[in-house]
Amino acid sequence: MAAVDVVVCNLVTLWRIPAVRNKFPWMFLVISVVGSILKESQLVPDTYFSSSRNVLNVYFVKVSWGWTLLLLTPFLLLSNAAFSRNAAFLARRLLSLVVATAVWYSCTQTFFYIEDATGSCFKTVSMDRIDNRFASKAECRQAGYFWHGYDISGHSFILTYSALFIVEETAPMACLKTASWSALQRVVLNFLYVALNLLVIIWVWMFICTSVYFHDLSHKVLGTATGLLAWYLTYRLWYHKSWSPGLPPQRKLREQKRHP
């Protein structure tokens, strides 16, 4: 387990570098624009990841919010309990998961609505014959036809938002070196932390693939901007207020004990 401890220590050190934390959110916007330019210039050759059927897209990205919640929920409970076992405190921190899920659901449903409201059903992929019998993408595709509307990139949104959400909620790890854990608790927390960081790496990689292989520039930039805005409004504005779920605790444990 010593190797895992070293990995955890290196990851904590990386995320404590101010330049890394401050520039990480805006990296998504840069990748989205640069990737779109590369896509339009056709400078990137097709690869395994240019197919939407690649294993990471099918088994991770398409259920990305499920993976994020599956790993982040136990990490949030375990890490926050080191600062306080007060039920109200833990319930308040768990609200961040509820808020994030509401943001995810509201944004993705809005994207679907916009695509339906702005689209039409075509009988051929060349979009030269419209079929007005179908008013939604789901109905059109079920009939075997092709829907074309303003398709804001849900992948760009969810990958941006999920990565930022994980980075914010795993920040307490930097203050847990002195926590009084059992061996099992330490192993579980370390495993979850490493797994969540691997998830962030997958989300960033798939975001790059989305940028260079799929969607139009405006679709990707708008999806990315929505993810950035959702993160900013919560963790940079609302969560600083007393009537919010609050920010993840990042004070040293000895200070936390004097101020439960």
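How much space lies in the second largest cavity? In this predicted model, about 40 Å³ of space lies there, and the residues that line this second largest cavity are Trp 15, Ile 166, Val 167, Thr 170, Leu 196, Asn 197 and Val 200. Helices H7 and H8 each supply at least two residues of that lining, with H8 giving the most, three residues. Sorted by class, the lining of the second largest cavity holds five nonpolar residues, two polar ones and no charged ones.

The count of cavities of 30 Å³ or more comes to two, and the largest cavity has a volume of about 60 Å³. Around the largest cavity stand Arg 21, Phe 24, Pro 25, Leu 164, Val 167, Glu 168, Trp 231 and Arg 236, and the elements that give two or more residues to this lining are H2, H7 and H9. Here the classes divide into five nonpolar, no polar and three charged residues.

From the cavities we can turn to the nonpolar core. The largest nonpolar core has 58 residues, and those with the most contacts inside it are Phe 24, Phe 75, Tyr 161, Met 173, Tyr 193 and Trp 203. Two or more residues of this core come from each of the helices H1 (2–15), H2 (18–41), H4 (64–81), H5 (87–118), H7 (154–169), H8 (183–213) and H9 (217–237), and the largest share, 15 residues, comes from H8. For one of the core residues, Tyr 193, the contacts beyond its neighbours within four places in sequence are Val 8, Leu 11, Val 12, Trp 15, Phe 75, Thr 170 and Met 173.

Tyr 193 also belongs to the lining of the second largest pocket, together with residues that include Val 12, Trp 15, Thr 170 and Met 173. About 180 Å³ of space lies in this second largest pocket, and its lining is made of eight nonpolar, two polar and two charged residues.

The largest pocket holds about 1200 Å³ of space. It is lined by 34 residues, among which Lys 62, Lys 137, Asp 151, His 155 and His 215 lie nearest its centre. The elements that give two or more residues to this lining are H4, H5, helix H6 (137–142), strand S2 (146–148), H7 and H8, and H5 gives the most, with six residues. By class, the lining of the largest pocket divides into 14 nonpolar, 13 polar and seven charged residues.

His 215, named above, sits in the loop between H8 and H9, and its phi is near 65 degrees, a positive value in a residue other than glycine. Another residue with a positive phi, about 55 degrees, is Gln 42, which is not a glycine either, and its place is in the loop between H2 and helix H3 (55–59). Are these two residues buried, partly exposed or exposed? Gln 42 is exposed because its relative accessible area of 71% is over 50%, whereas His 215, at 23%, counts as partly exposed.

Finally, Tyr 235 in helix H9 offers a contrast in exposure, because its relative accessible area of 1% is under 20% and Tyr 235 is therefore buried. Leaving out residues up to four places away in sequence, Tyr 235 touches Ser 96, Phe 165, Glu 168, Glu 169, His 240, Leu 247 and Pro 248. With one of these, Glu 169, Tyr 235 shares a polar contact of 2.5 Å between side chains.

Conventions: Residues are numbered from 1 along each chain as its sequence is written. This is a predicted model: local features need pLDDT of at least 70, side-chain atom pairs count only at pLDDT 80 or more; totals for chains, interfaces and linings use all residues. Side-chain values use heavy atoms; hydrogens and water are left out. A nonpolar core is a set of buried Ala, Val, Leu, Ile, Met, Phe, Trp, Tyr and Cys residues joined through side-chain atoms within 4.5 Å. Buried means under 20% relative accessible area, exposed over 50%, partly exposed in between (1.4 Å probe, protein chains only). Helices (H or I, at least four residues) and strands (E, at least two) are DSSP runs, numbered from the N terminus. Contact means heavy atoms within 4.5 Å. On a 1 Å grid over the protein atoms alone, a cavity is a set of points where a 1.4 Å probe fits but cannot get out, and a pocket is an open set with protein on both sides within 12 Å along at least five of seven lines; lining residues have an atom within 4 Å of a point. Grid points are joined across faces, edges and corners, and a volume is the space filled by probe spheres set on the points. Ala, Val, Leu, Ile, Met, Phe, Trp, Tyr, Cys and Pro count as nonpolar, Asp, Glu, Lys and Arg as charged, and the others, Gly among them, as polar. A polar contact is a pair of N or O atoms within 3.5 Å; within protein, one must be able to donate a hydrogen and the other to accept it, and residues adjacent in sequence count only if both atoms are side-chain atoms.
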